[in-house]
Amino acid sequence: MSILKEFKEFAVKGNVVDMAVGVVIGTAFGKIVSSLVGDVVMPLIGKIVGGVNFTDLTLDLGTSPTGEPVLLKYGAFLQAAFDFLIIAAAIFMALKAINRLKTPPPPAEPPPPPADVALLTEIRDLLKKG
């Protein structure tokens with residue numbers, strides 16, 4: 001019975017729920033960025049470079065034993081690399097903004113002086129008065 005209780009405590013902890021929400025949002029964000037890169041950025045770059053479609057960039061390595069061509073699809077790799085760079089930059093900027101919004105903890109009060117130092121300070125103050 002204690003295993004179920006421990007699992008329940010683990011599953012409903014704020015960190016686990018926050019992480020699950022982050023994964024779902026991250027997956028959706030990844031799809032949006034993939035569409036942005038594949039449908040907007042890469043065609044623009046291809047047009048600038050001279051009408052190149054990056055998804056069609058391949059290197060023919062020969063044929064397989066079944067007679068099908070073996071292709072090294074480096075254009076798809078370039079597109080995935082652009083996806084990663086844009087997602088990483090967006091996450092970096094979001095985390096930077098979130099960290100700016102966090103207020104730093106108040107500075108801790110200095111520890112009280114040791115008893116002998118407090119006593120010497122009190123004696124010094126009495127001598128100054130007197």
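Here is a walk through this predicted model, going from the whole chain down to a couple of single residues.

Let's start with the layout. The protein chain has four helices and two strands. Reading from the N terminus, you meet them in the order α-α-β-β-α-α. The protein chain is more spread out than a compact globule, because its radius of gyration is 31 Å, well over the 14 Å that the globule rule gives for 130 residues. You can get a feel for that from the box its C-alpha atoms fill, roughly 105 × 55 × 25 Å along the principal axes.

What about burial and surface? Of the 130 residues in the protein chain, buried ones make up 8%. The accessible surface adds up to about 11100 Å², and carbon and sulfur atoms account for 71% of that. As for charge, the protein chain carries 12 positive and 12 negative charges, and the mean positions of the two sets sit 8 Å apart. If you look at contacts between residues at least 6 apart in sequence, 37% of them join residues at least 24 apart.

Now zoom in on helix H3, which covers residues 74-101. It has 28 residues, and the distance from its first C-alpha to its last is 41 Å, close to the 40 Å expected at 1.5 Å a residue. Which residues of H3 are buried? They are Gly75, Gln79 and Asp83.

Gln79 is worth a stop while you are in helix H3. Its relative accessible area is 15%, and since buried means under 20%, Gln79 falls on the buried side. So what does Gln79 touch, leaving aside its neighbours within four places in sequence? Its contacts there are Val37, Gly38, Met42 and Thr55.

For another view, move along to helix H4, residues 115-129, where you'll find Arg124. Is Arg124 buried or partly exposed? With a relative accessibility of 44%, Arg124 counts as partly exposed. Try picking out Arg124 and Val12 together in the structure: they are 112 residues apart in sequence, and their C-alpha atoms are 58 Å apart in space.

Conventions
Residues numbered from 1 in each chain as written. Predicted model: local features only at pLDDT ≥ 70, side-chain atom pairs only at ≥ 80, totals over all residues. Heavy atoms only, no water. Rg over C-alpha atoms; globule rule 2.2 N^0.38 Å. Buried < 20%, exposed > 50% of the residue type's maximum accessible area, 1.4 Å probe, protein only. Contact = heavy atoms within 4.5 Å. Areas by Shrake-Rupley, 256 points an atom, 1.4 Å probe, with all protein chains shown as cover. Lys, Arg positive; Asp, Glu negative; His and termini not counted. Charge placed at Lys NZ, Arg CZ, Asp CG, Glu CD. Expected span 1.5 Å × (residues − 1).
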